[in-house]
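Thank you all for coming; I would like to take a few minutes to walk through one structure with you. I will begin with the overall layout and then turn to a few residues in detail.

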Amino acid sequence: MKKLAVLLAAILMSVVANAQFEQGKWYVGTSVTGLGISYSGVEEFNIGLEAKGGYMIADDWMLLGQLGWHHSGLEGAADEVSLGIGGRYYIVQNGLYLGVNAKLVHANHNYNDLMPGIEVGYAFFLNNNVTIEPAIYYDQSFKSHSDYSKIGFKVGLGIYL
């Protein structure tokens, strides 16, 4: 009986998730990045916030715009702001996705960088519209690969409308 209940719950979650990845849906989300669980060559502790907005241009394909802020715990380091575009492809109908993006990063000490990135995440639905979205990401720095490229973990909250 317990196995049957778990199977029915998994099927129901898959059907609910599928309905949210259809063409014409809107997405609004926010993420907390870093949290000391990321690595780059020059940073120790860091934290960041991202705001995202997106639109499903086709079933399972989303275009995204994002705005971000990043703070490094290094003494004398400047806060960074970023503006970017990206996309997601939902691999399976239960919420697993691949994402790509490109961000223009600016800090007030004359630091500018173009950083393309990739991420793998999962949209875990709490109800029909709200998700928790953990993801692993990698951002590649064009300015200095060894110092500013980052790999890390982020947790987001998304709303599918």
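Reading from the N terminus, the elements of the protein chain follow the order α-β-β-β-β-β-β-β-β-α-β, which comes to 2 helices and 9 strands. Please keep in mind throughout that this is a predicted model, and that what I say about individual residues is computed from that model.

Some totals for the chain, before the details. Of the 161 residues in the protein chain, 38% are buried, and the accessible surface comes to about 8900 Å², with 69% of that area belonging to carbon and sulfur atoms. If we take the contacts with a separation of 6 or more, residues 24 or more positions apart account for 52% of them.

Let me go on to the interior. In soluble globular proteins, nonpolar side chains tend to be buried together. Here the largest nonpolar core has 11 residues, namely Phe 21, Tyr 27, Met 56, Met 62, Leu 64, Tyr 90, Tyr 97, Ala 123, Phe 125, Ala 135 and Tyr 160. Apart from that core lies another one, of 5 residues, including Ala 78, Val 105, Ala 107 and Tyr 111.

Within the largest core I would single out Tyr 90, which is found in strand β4 and is buried, with a relative accessible area of 0%. Leaving aside residues up to four places away in sequence, Tyr 90 touches Phe 21, Met 56, Asp 60, Met 62, Gly 95, Leu 96, Tyr 97, Ala 123 and Tyr 160. The side chain of Tyr 90 also takes part in polar contacts, one with the side chain of Tyr 160 at 2.6 Å and one with the side chain of Arg 88 at 3.1 Å. Tyr 97, another member of the core, has among its contacts Tyr 90, Glu 119, Ala 123 and Ala 135.

One of the residues that Tyr 90 touches is Asp 60, and the two are 30 residues apart in sequence while their C-alpha atoms are 5.0 Å apart in space. Asp 60 sits in the loop between β2, residues 46-58, and β3, residues 61-72. What is the sign of phi at Asp 60? It is positive, at about 75°, although Asp 60 is not a glycine; as background, most residues other than glycine have a negative phi. Asp 60 has a relative accessible area of 13%, and because the cut-off for buried is under 20%, Asp 60 counts as buried. Buried though it is, Asp 60 has no salt bridge, and the nearest side chain of opposite charge, that of Arg 88, is 12 Å away. I should add that Asp 60 does touch Arg 88, as well as Phe 21, Tyr 89, Tyr 90 and Gln 93, when residues up to four places away in sequence are not counted.

That brings me to charged residues that are buried and do have partners. A search of the whole structure finds 6 salt bridges, and I will describe some of them. Lys 150 pairs with Glu 80, the closest N and O atoms being 3.7 Å apart. Since Lys 150 lies in strand β9, residues 150-160, and Glu 80 in strand β4, residues 80-90, this pair ties together parts that are 70 residues apart in sequence. Both Lys 150 and Glu 80 are buried.

Next, Lys 52, in strand β2, forms a salt bridge with Glu 50, with 3.7 Å between the closest N and O atoms, and both of these residues are buried as well. For Lys 52 the relative accessibility is 7%, and the residues that Lys 52 touches include Tyr 27, Leu 64, Arg 88, Glu 119 and Lys 154.

Glu 119, in turn, forms a salt bridge with Lys 154, the closest N and O atoms being 2.8 Å apart. Glu 119 lies in strand β6, residues 111-122, and Lys 154 in strand β9, so this pair ties together parts that are 35 residues apart in sequence. Glu 119 counts as buried at 6% relative accessibility, and Lys 154 does so at 5%. Which residues do salt bridges with shared partners join into one network? They are Glu 50, Lys 52, Glu 119 and Lys 154.

To close, I would set two cases side by side: Asp 60, which is buried yet has no salt bridge, and Lys 52, which is buried and has a salt bridge with Glu 50.

Terms used
Residues are numbered from 1 along each chain as its sequence is written. This is a predicted model: local features need pLDDT of at least 70, side-chain atom pairs count only at pLDDT 80 or more; totals for chains, interfaces and linings use all residues. Side-chain values use heavy atoms; hydrogens and water are left out. Helices (H or I, at least four residues) and strands (E, at least two) are DSSP runs, numbered from the N terminus. Buried means under 20% relative accessible area, exposed over 50%, partly exposed in between (1.4 Å probe, protein chains only). A nonpolar core is a set of buried Ala, Val, Leu, Ile, Met, Phe, Trp, Tyr and Cys residues joined through side-chain atoms within 4.5 Å. Contact means heavy atoms within 4.5 Å. Accessible areas come from the Shrake-Rupley method with a 1.4 Å probe; for residues, only the protein chains shown count as cover. Lys and Arg count as positive and Asp and Glu as negative; His and the chain ends are not counted. A salt bridge is a side-chain nitrogen of Lys or Arg within 4 Å of a carboxyl oxygen of Asp or Glu. A polar contact is a pair of N or O atoms within 3.5 Å; within protein, one must be able to donate a hydrogen and the other to accept it, and residues adjacent in sequence count only if both atoms are side-chain atoms.
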